[in-house]
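This report looks at a metal site, the enclosed and open spaces, and some details of the backbone. The sequence and the structure come first, and the discussion follows.

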Amino acid sequence: MSFPVDRPRRLRTSSTIRRLVRETRLSVDDLVQPLFVVPGKDIKKEISSMPGQYHYSVNTIIEEVEIIARRGIPAIILFGIPENKDEEGSQAWAENGIVQQAIKQIKQKTPDLLVIADVCLCEYTSHGHCGVVQNGTVMNDPTLKLLSRTAVSLAHAGADIIAPSDMMDGRIGSIRTGLDEAGFKDKAILSYAVKYSSSYYGPFREAADSAPQFGNRRGYQMDPGNANEALREVQLDLEEGADMVMVKPGVSYLDILWRVKERFGRVTGAYQVSGEYSMIEAAAANGWIDRKAVILETLLSFKRAGADFILTYFASEVAEWLKGS
Ligand code: PBG
Ligand code: ZN
């Protein structure tokens, strides 16, 4: 059948019928809020590259997390900026590290809210790379035991989900073994399985003070031209024991998200990263786009492409918008 019998506009004639036939919906259950925690007390300092996002000290992050939990968001993901950085990134697995402290407090105050702990070394190393550096090279295998140690330390502090974002080969297997041996068989791993070497991370690196001090991350993060390699990364991570996988960044990689979901049918997250956030904020501040509409449209596009959940700096605000909808 075709025109004039077939008229797709019939199902667009009122908001009620559009509501009836809509395939994809955004819900508060889909949202994960990233947060940055810093040493000190009473700190809530706006991040200059990410207006509306803040550095929180442990005592102020608690207040923010209580609001997030009250809005019905199921999970947060934490990033830490340590007092001191060193060659190895030893504050990443310190028993009293900044993220460890924050997790302990958060799990006490809001035990039902899931705490995802990002596992990487770049926020903790003086050189800003995600692994051990020897003679100017980021070494894969020596990094694995440090990642595993960090994951165990974060699990010990009470993290519910461990999310490695370093892109070393074999890290999921190494972390799974580390967690199991430490008695954390039930802690899930959310792998940043597909993480591209992207220019959209710029604002985050300013926020986390984690820009590489020499070179770049192209030797370990993925080349933006590759899609088959993304499927291979997911397969390897699933074989090594990942419970959930993630694709990052977001809107520029919706094709990858779709293919990962289609191929594996596993729990798949998407990360709307800092650069995507800041671009929307900048355009909105100039009055060039309808901020709320664009945010909701981008988040819906992740769902349509197959995401089971979305890490987004807009999470808390969007949860408020979705109330009663
Ligand atoms: C750490 C990490 C990064 C992001 C999440 N974990 C930065 C990077 O790889 O340089 C980026 C998040 C964002 O841009 O919002 N490896
Ligand atoms: Zn890193």
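## The zinc site

In this predicted model, Cys122 has a relative accessible area of 7% and is therefore buried, since the limit for that class is under 20%. Its SG atom is one of the donors to the zinc ion (ligand 2), which is coordinated by Cys120 (SG), Cys122 (SG) and Cys130 (SG) at 2.2 to 2.3 Å. Cys130 is likewise classed as buried, with a relative accessibility of 0%.

Along the chain, the donors of the zinc ion (ligand 2) follow the spacing C-x1-C-x7-C. Around the zinc ion (ligand 2) there are 4 donor atoms, and the angles they subtend run from 97 to 123°. The arrangement counts as tetrahedral because all of these angles lie between 85 and 135 degrees. For comparison, the ideal angle for four tetrahedral donors is 109.5 degrees.

## Enclosed cavities

Rolling a probe the size of a water molecule over the atoms shows where empty space is left. With a threshold of 30 Å³ or more, the count comes to 2 cavities. The largest cavity has a volume of about 170 Å³, and its lining is made up of 19 residues, with Cys122, Lys195, Tyr201, Phe204 and Lys248 lying nearest its centre. The elements that give two or more residues to this lining are strand S9 (188–195) and helix H6 (202–208). Sorted by class, the lining of the largest cavity holds 9 nonpolar, 4 polar and 6 charged residues. Cys122 thus belongs both to the zinc site and to the residues nearest the centre of the largest cavity.

The second largest cavity encloses about 60 Å³ of space, and the residues that line it include Leu78, Phe79, Gly80, Asp118, Val119, Cys120 and Glu123. At least two lining residues are supplied by each of strand S4 (75–80), strand S5 (114–119) and helix H4 (141–157), and S4 gives the most, with 3 residues. By class, this lining divides into 8 nonpolar, 2 polar and 2 charged residues. Cys120, a donor to the zinc ion (ligand 2), is among the residues that line the second largest cavity.

## Open pockets

The largest pocket holds about 310 Å³ of space. Among the residues that line it are Arg22, Thr24, Arg25 and Leu26, together with Lys292, Leu296, Trp321 and Leu322. Helix H10 (291–304) and helix H11 (315–322) each supply at least two residues of this lining, and the largest share, 4 residues, comes from H10. The lining of the largest pocket contains 5 nonpolar, 2 polar and 4 charged residues.

In the second largest pocket there is about 260 Å³ of space, and of the 19 residues that line it, Gly52, Gln53, Glu64, Tyr313 and Ser316 are the closest to its centre. S1, strand S3 (50–56), helix H9 (274–285) and H11 each supply at least two residues of the lining, with S3 giving the most, 5 residues. By class, the lining of the second largest pocket has 9 nonpolar, 4 polar and 6 charged residues.

## Backbone details

Where are the cis peptide bonds that involve Pro4 and Pro249? One runs from Phe3 to Pro4, with omega near 10°, and Pro4 lies in the segment before helix H1 (15–21). Another runs from Lys248 to Pro249, with omega near -5°, and Pro249 is placed in the loop between strand S10 (244–248) and helix H8 (254–264). Lys248 is also one of the residues nearest the centre of the largest cavity.

Asn135, which is not a glycine, has a positive phi near 50° and lies in the loop between strand S6 (132–134) and strand S7 (137–139); its relative accessible area of 83% makes it exposed. Asp209 also has a positive phi, of about 50°, although it is not a glycine. Asp209 is found in the loop between H6 and helix H7 (228–240), and at 47% relative accessibility it counts as partly exposed.

## A buried aspartate

Asp30 sits in the loop between H1 and strand S1 (31–37). With a relative accessibility of 8%, Asp30 is classed as buried, and its side chain reaches the backbone nitrogen of Ser27 at 2.7 Å.

Key:
Residues numbered from 1 in each chain as written. Chains lettered and ligands numbered in written order. Predicted model: local features only at pLDDT ≥ 70, side-chain atom pairs only at ≥ 80, totals over all residues. Heavy atoms only, no water. 1 Å grid on protein atoms, 1.4 Å probe; cavity = no way out; pocket = protein on both sides within 12 Å on 5 of 7 lines; lining within 4 Å. Points joined across faces, edges and corners; volume = space filled by probe spheres on them. Nonpolar A, V, L, I, M, F, W, Y, C, P; charged D, E, K, R; others polar. Buried < 20%, exposed > 50% of the residue type's maximum accessible area, 1.4 Å probe, protein only. Donors = N, O, S within 2.8 Å, 3.2 Å for Na, K, Ca; no water. Tetrahedral: all angles 85-135°; square planar, octahedral: opposite > 155°, others 65-115°. Polar contact = N/O pair within 3.5 Å; in protein donor to acceptor, adjacent residues only side chain to side chain.
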